[in-house]
Amino acid sequence: MGKSVQTKGQKTKQKLFETAIQLINECGYDEVTVADICEAAQVAKGTFYVHYAAKDDIIRESYYTDMGAFVEEHYQVFIAEYAHATVRQRIKAFLLAELAFPEYTGVEVTSLAFSANFAACAPGTSEHLKKRVFMDELKKLIEEAGFSNAERVFLDLETIVRGYMASWCFGGGAFDIIEEGERLLDWYLDQADLL
């Protein structure tokens, strides 16, 4: 995960996403239209459709492209500040960046994203993990840590993160997802080689 330079198109897409998230958190998903998003982002409606086929795509894609960019940005900030962090600290920072994303997008968007992505799994196999390319960095970190069963550790860590996201949504965001997630991640990383 190197530091990436955003193109004009990527910046526009990010602006549309951030604007949509802000409007949805303020007004509710059903009350926000594509026209509202474009007006608030000061982007032409045609430009919106270059990046998204519909408003629903913002939700569906949020946990792929947008989450990936968010995690990468936060992880790179951590690496720049803590250049000598241990691999365990880097794994934890990566996963905490994942948990920060639903806090940023809000309960409604996170719940809708879960629903949309679960629905995509219903017909059979899902491309969920293939679409989450930013997870390759986590896999590399786990391998670097030398865990005896890297695949199991990856699955467990992703399950912890997704489980906390789901519980946070079910609870209406009533608990601190970062604090609670960090507590369980610390416990798991202490135990991972013993499991």
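**Helix α10 and its partners**

Let's start with Glu182, which counts as partly exposed because its relative accessible area is 29%. Keep in mind that this is a predicted model, so treat what follows as a reading of predicted coordinates.

Glu182 pairs with Lys92 in a salt bridge whose closest N and O atoms are 2.8 Å apart. Lys92 sits in helix α5 and Glu182 in helix α10, so this pair ties together parts that are 90 residues apart in sequence. Lys92 has a relative accessibility of 16%, so Lys92 counts as buried.

Lys92 has another partner on that helix: its side chain also meets that of Asp186 in a salt bridge, 2.9 Å from N to O. Here too α10 is tied to α5, since Asp186 lies in the former and Lys92 in the latter, 94 residues apart in sequence. Asp186 is partly exposed, at 22% relative accessibility. Follow the shared partners and you get one network of salt bridges that joins Arg88, Lys92, Glu182, Asp186 and Asp190.

Now for α10 itself. Its 15 residues should span 21 Å at 1.5 Å a residue, and the end C-alpha atoms are indeed 21 Å apart. At the N-terminal end, Asp176 acts as a cap, with a side-chain oxygen 3.0 Å from the backbone nitrogen of Ile178. Which residues of α10 are buried? They are Ile177, Gly181, Leu185, Tyr188 and Leu189. These cover an arc of only 95° around the axis, so they fall on the same side of α10. Helices α5 and α9 are among the elements that cover them.

Back on α5, look at Arg90, which is buried at 17% relative accessible area. What does Arg90 pair with in a salt bridge? The partner is Glu144, at 2.7 Å from N to O. Glu144 belongs to helix α8 and Arg90 to helix α5, so the pair links parts that are 54 residues apart in sequence. Leaving aside neighbours within four places in sequence, Arg90 also touches Tyr75, Phe78, Ile79, Ala85 and Leu141. In total, the model has 8 salt bridges.

Finally, the nonpolar side of things. The largest nonpolar core has 57 residues, and Ile91 and Leu157 have the most contacts inside it. Helices α1, α2, α4, α5, α6, α8, α9 and α10 each supply at least two of its residues, with the largest share, 10 residues, coming from α5. Not counting residues up to four places away in sequence, Ile91 touches Leu138, Leu141, Ile142, Ala145, Phe147, Leu157 and Leu189.

Conventions
Residues numbered from 1 in each chain as written. Predicted model: local features only at pLDDT ≥ 70, side-chain atom pairs only at ≥ 80, totals over all residues. Heavy atoms only, no water. Core = buried A, V, L, I, M, F, W, Y, C linked by side-chain atoms within 4.5 Å. Buried < 20%, exposed > 50% of the residue type's maximum accessible area, 1.4 Å probe, protein only. Helix = DSSP H or I, 4+ residues; strand = E, 2+ residues; numbered from the N terminus. Contact = heavy atoms within 4.5 Å. Expected span 1.5 Å × (residues − 1). Arc of directions from axis to C-beta. Polar contact = N/O pair within 3.5 Å; in protein donor to acceptor, adjacent residues only side chain to side chain. Salt bridge = Lys/Arg side-chain N within 4 Å of Asp/Glu carboxyl O.
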